[in-house]
Amino acid sequence: MARFMTQVIKDEILEKLNLEYRYKLLNENLIPILSEDQFDFLKTIQEFCLKFEKDNNITHGPEEDIYEWYPYFGKEGFITRQHNFEVIGENYNQYGLAMDFMRTLALDFFDPQLAMSFGATVIGINPIYEHHENVPVRLEALKELVTGRTPGCLLITEPERGSDAVHQLTLCEEQNDGSFLLNGEKVYQTNAPKSKWAVAYATAEKNNGNKMAQFLINTSWEGWNCERVLIPWVPKLYLGKENLVNLRVPKEYVLGGVGKGRDHLFEGLIPERIAIALRGVAESWGALSHAIIYANMRKQFDKEILFFQGVGFLLTDLWAKTTHLTHALLKFCESYDDKMRKYEGNLPRNISESMVAAASQYKYSCAKLSERVCYQCANVMGGAGLCDNTLMHDLLNISRIQEIIGGARQIHSFIMSRGLRRMFRNITT
Ligand SMILES: Cc1cc2nc3c(=O)[nH]c(=O)nc-3n(C[C@H](O)[C@H](O)[C@H](O)COP(=O)(O)OP(=O)(O)OC[C@H]3O[C@@H](n4cnc5c(N)ncnc54)[C@H](O)[C@@H]3O)c2cc1C
């Protein structure tokens, strides 16, 4: 892993910090709780990443373009495994949230920024999957996104409407032929400058959540104007600020007409939030795998630093916390998959409401976990945790974003407090 300008960490340690050993450390931890199928799938993706890294001399250095890797991962079906995608002829055997957990773990270890970029494509894929209605242009877009022929993006946030996502200002105006004209501004859309397909929300009346609609957009259409927003903590990701000017969306690209937008926004909340939680856990394992290997090899005062309690006990604490959340999240994913199969994708209201609250809890807890674990692991590695010789600084930086995306920390606290109210009402009436 020669991603550095100047090597600081000695060869012997750097060699043991490579992807293969980090995967081995992860697998040691997961083998007791994974099913055979899950473990096999995890190993399949790990082997692909190891070979891909070696064959292409990938260093994860600043000059590499993660977007160039999309088609290779897409061809293997590693952009998303939330569904089997039979509808576009893919028919993956391993799918569902638990299998997507395996995909996330392997990819995040390989490159955390790539994993985050795929995550943003997936939140564009899911609404098309739910609302393609067998319309050929929608299926074609779905196929291109799932197989990595292009990244995708989702346009919710606006310059003046962030957390308050249902009182949008971007307008959609229906035309006589059933097409719509969109006008307004969006901001912070991950992948937007690189995406061929975008899914966007707009409203027929400003600030009215009941008038929201949802659209599939080809970014080559006239009226799509996008400039890059640089987020220095994830310098390889291209985020967009879009100015939509009389952007005409033909009828067959309207995923949800006026009045349906808000329901469409809420229906995908469980997998979207869980996907961020999965990345938080994967980032924590990524950081731990570096720090544990390093602490077992780095000597000070003639002893491996692991044997100093300040280091060893800190790592055991982070390790225990990460293990707990991994087990809990896997159980949640498996239950979600079982229930989705049992109810054929339409969860009963009481189960769905409880799971929405749980998804908020996991997103909240895993984002916090990632922020603490990545920081503390980097810190415990001293200078080696901060220089560019490993992926530690990518992990540290990306961990600071998790509490903002997919609903900021305070918003999840708010949602959870509403959940407490709902629970009280349910048990007392
Ligand atoms: C790296 C990155 C990637 C992103 N990717 C996407 C994407 O792909 N698509 C997309 O549409 N958006 C994306 N976003 C936008 C992201 O979802 C928003 O930044 C987020 O929802 C917060 O909105 P805001 O930035 O406008 O902050 P604001 O909503 O202005 O919030 C500012 C602060 O006020 C707090 N706050 C707001 N309301 C309340 C309240 N009622 N109670 C308590 N506290 C409150 C917030 O918690 C926050 O701390 C991305 C953002 C980043 C940074």
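Strand β3 (180-190) pairs with β7 (residues 239-249) in an antiparallel fashion, with nine bridges joining the two. Pairing here takes at least two DSSP bridges between strands, and the strands (E, at least two residues) and helices (H or I, at least four) are DSSP runs numbered from the N terminus. The structure is a predicted model, in which local features need pLDDT of at least 70 and side-chain atom pairs count only at pLDDT 80 or more, while totals for chains, interfaces and linings use all residues. Residues are numbered from 1 along each chain as its sequence is written. Within the β3–β7 pairing, Leu182 has Leu247 of β7 as its bridge partner. β7 is also joined to β6 (residues 224-229), again antiparallel, by six bridges. There, Glu227 stands opposite Lys241 of β7.

β3 turns up again around the ligand: together with β1 (152-155) and α13 (409-428), each supplying at least two residues, β3 contributes to the shell. A residue belongs near the ligand if its C-beta atom, placed from the backbone, lies within 6 Å of it. Of the 20 residues in the shell, those that come nearest are Ile156, Gly162, Ser163, Ala408 and Gln410. Charge is absent from this shell, which divides into 14 nonpolar and six polar residues; Ala, Val, Leu, Ile, Met, Phe, Trp, Tyr, Cys and Pro count as nonpolar, Asp, Glu, Lys and Arg as charged, and the others, Gly among them, as polar. Domain 2 and domain 3 each put at least three residues into the shell.

As for the domains themselves, an automatic or database assignment sets the bounds, giving domain 1 (30-146), domain 2 (152-260) and domain 3 (264-424). The centres of domain 2 and domain 3, taken over C-alpha atoms, are separated by 29 Å. Their contact takes nine residues from domain 2 and eight from domain 3, contact being C-beta atoms, placed from the backbone, within 7 Å. On the domain 2 side, five of the residues are nonpolar, three polar and one charged.

Then there are the helices. α11 (residues 349-380) has 32 residues and spans 46 Å from first C-alpha to last, close to the 46 Å expected, which is 1.5 Å times one less than the number of residues. Just past α11, Gly382 adopts a positive phi of about 60°. Helix α12 (residues 392-399) is largely enclosed by the rest of the structure, because six of its eight residues are buried. Buried means 20 or more other C-beta atoms within 10 Å of a residue's own, all placed from the backbone. The buried set is Met392, Asp394, Leu395, Leu396, Ile398 and Ser399, and their cover includes α6 (112-130), α9 (269-297) and α11.

Methods: Contact = placed C-beta atoms within 7 Å. Buried ≥ 20, exposed ≤ 12 C-beta atoms within 10 Å, placed from the backbone.
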